[in-house]
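Subject: Structure for you to look at

Hello,

I am passing a structure on to you, and I hope you enjoy looking through it. Please open it first and then read my notes.

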Amino acid sequence: MTADAQAELGRIDPELRALVDRESTRRARSLQLVAGETIALPAVREILASPLGDTYAEGYPGARFHGGCEVVDEIEDLAVSRAAELFGAEYVNVQPLSGSVAASAVYAAFAQPGDPVLSLRLDHGGHQTHGSRANFSGRWFAPIRYSVGADDELVDYDQIRELALLHRPRLLVVGSPAYSRLFDYPLLRQIADEAECILWVDAAHLAGLVAGGVAPSPVPYADVVTLVTHKVLRGPRSGVVLGAGRHGATLRKAVFPFTQGAAPMDVVAAKAATFAHAATPGFAEHVHTVVDTARALAAALTDRGLRIVSGGTDTHLAVVDVSPLGLSGVQAQRRLQGAGIVVDKTVLPFDTRPVAEGSAIRIGTPILALSGGGPETAVTVAEWMVTALTDTAQHTRIRAEIAEMLGG
Ligand SMILES: *Cc1c(COP(=O)(O)O)cnc(C)c1O
């Protein structure tokens, strides 16, 4: 915030001003290991503070419902062409308000209420928009679930093929906020072709890794790919739909006007900057550091008696079984928080504890890597974590050491 903006906020709403300051301080002083978070690019924050958000731009470039859209038309075209180049996509829509809204557009484009949808079990790493009963996707469509193997905790492609041929779903959904391994897109394409269904890859978490060259791209294989720009990509809080050219006209109508109204043009502009940045060698280097750090941290935690689901990670995140320490996921999350380490509680595949408790935590390294923590800091971070989990008397010391590492 500029000094003027800060002063005005303090004047018109001191209560909120204090809360904003508190949240900024909390983030600056603690170690953020929430896998879906990163630190937005300064350029993105600058664009979001610009007057671009004041421009109403319902419709698409060249076909708006409002006057004064000539500049934002160019901005949206720029965002689209940059995403098309970055991901090698034939069709791009940069308007979805979030990952979940992008998901709604995929259902709108390809399925009718009641249609079967094949997706990963929620408690094995599926996302709520992939058929949870608490979400429209599970209420209005008929979810069929595949799982990970009980022994290796890896996605079972034989089971996916079997279920796809048996149930003939409209959509085969792949992508997860918790699965730390890569997917076999050529094989999934083959299964989708055999079962004659649409292959939708939800790359919310993986898009940054794809852009940075550390994970394979689903784009050549999928009918449609959704992603968000606020996870590893360091962009604004928002969604994107990428599609095969043959689905372009359908996806366009499914986003606007079926699912949402006008897209915020400040956010669209921030996405253009995000894609430009994601195409640079510097971003590729960052993403490599993120994944190397996650691997090193998973190994260091394993060395200290914890178990990593599926035996390790190929990505920026890992699910850590904390039951060897006699803790539930929620207890582990609280203890770590006491020491200034922020993680998410989660469940193991085939967890014996209720979902509200879980036996695991999920960690991610995008912010650690931006705070000067490369793979060489993994041992220190793992030591902090295991000590914080086992000895609450050490919390004050660890909190101070973390604040020091983060620069005060
Ligand atoms: C984060 C995430 C989303 C949802 O993104 P929102 O912008 O919060 O709606 C969708 N799918 C997956 C797999 C995710 O991890």
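Below is what I found, going from the whole chain down to single residues.

Please keep in mind that this is a predicted model.

**Overall picture**

The protein has 16 helices and 15 strands. Its radius of gyration is 22 Å, close to the 22 Å that the globule rule gives for 408 residues, so the protein is as compact as a globular protein of that length. Along the principal axes, the C-alpha atoms fill a box of roughly 60 × 60 × 40 Å. Of the 408 residues, 54% are buried. If we take contacts between residues at least 6 apart in sequence, 72% of them join residues at least 24 apart.

For the surface, about 17,200 Å² is exposed, and carbon and sulfur atoms supply 52% of that area. There are 35 positive and 45 negative charges, and their mean positions are 4 Å apart.

The unreviewed UniProt entry places a feature, "domain: Serine hydroxymethyltransferase-like", at residues 11-384. Over that stretch the chain is 42% helix and 15% strand, with the end C-alpha atoms 41 Å apart.

**Arg121 and Phe350**

Arg121 sits in the loop between β5 (116-120) and α6 (136-140). With a relative accessible area of 28%, Arg121 is partly exposed, because it falls between the 20% and 50% cut-offs. Setting aside neighbours within four places in sequence, Arg121 is in contact with Gly126, Arg145, Tyr146, Ser147 and Phe350. The C-alpha atoms of Arg121 and Pro169 are 15 Å apart, with these positions 48 residues apart along the chain.

Phe350, one of those contacts of Arg121, lies in the loop between β14 (344-346) and β15 (360-364). Phe350 also counts as partly exposed, at 41% relative accessibility.

**Backbone points to check**

Most residues other than glycine have a negative phi, and most peptide bonds are trans. Here are some exceptions that you may like to inspect.

- Phe350 has a positive phi, near 60 degrees.
- Glu153, also not a glycine, has a positive phi of about 60 degrees. Glu153 is in the loop between β6 (142-146) and α7 (157-167), and at 9% relative accessible area it is buried.
- The peptide bond from Phe256 to Pro257 is cis, with omega near 10 degrees. Pro257 belongs to helix α10 (residues 248-259).

Which residues does Arg121 touch beyond its sequence neighbours? Gly126, Arg145, Tyr146, Ser147 and Phe350, so that loop may be a handy place to begin your own look.

Best wishes

How values were computed:
Residues are numbered from 1 along each chain as its sequence is written. This is a predicted model: local features need pLDDT of at least 70, side-chain atom pairs count only at pLDDT 80 or more; totals for chains, interfaces and linings use all residues. Side-chain values use heavy atoms; hydrogens and water are left out. UniProt positions are given in the numbering used here, feature names are shortened, and annotations may be inferred rather than shown by experiment. Helices (H or I, at least four residues) and strands (E, at least two) are DSSP runs, numbered from the N terminus. The radius of gyration is taken over C-alpha atoms; the globule rule is 2.2 Å times the number of residues to the power 0.38. Buried means under 20% relative accessible area, exposed over 50%, partly exposed in between (1.4 Å probe, protein chains only). Contact means heavy atoms within 4.5 Å. Accessible areas come from the Shrake-Rupley method with a 1.4 Å probe; for residues, only the protein chains shown count as cover. Lys and Arg count as positive and Asp and Glu as negative; His and the chain ends are not counted. The place of a charge is taken as NZ of Lys, CZ of Arg, CG of Asp or CD of Glu.
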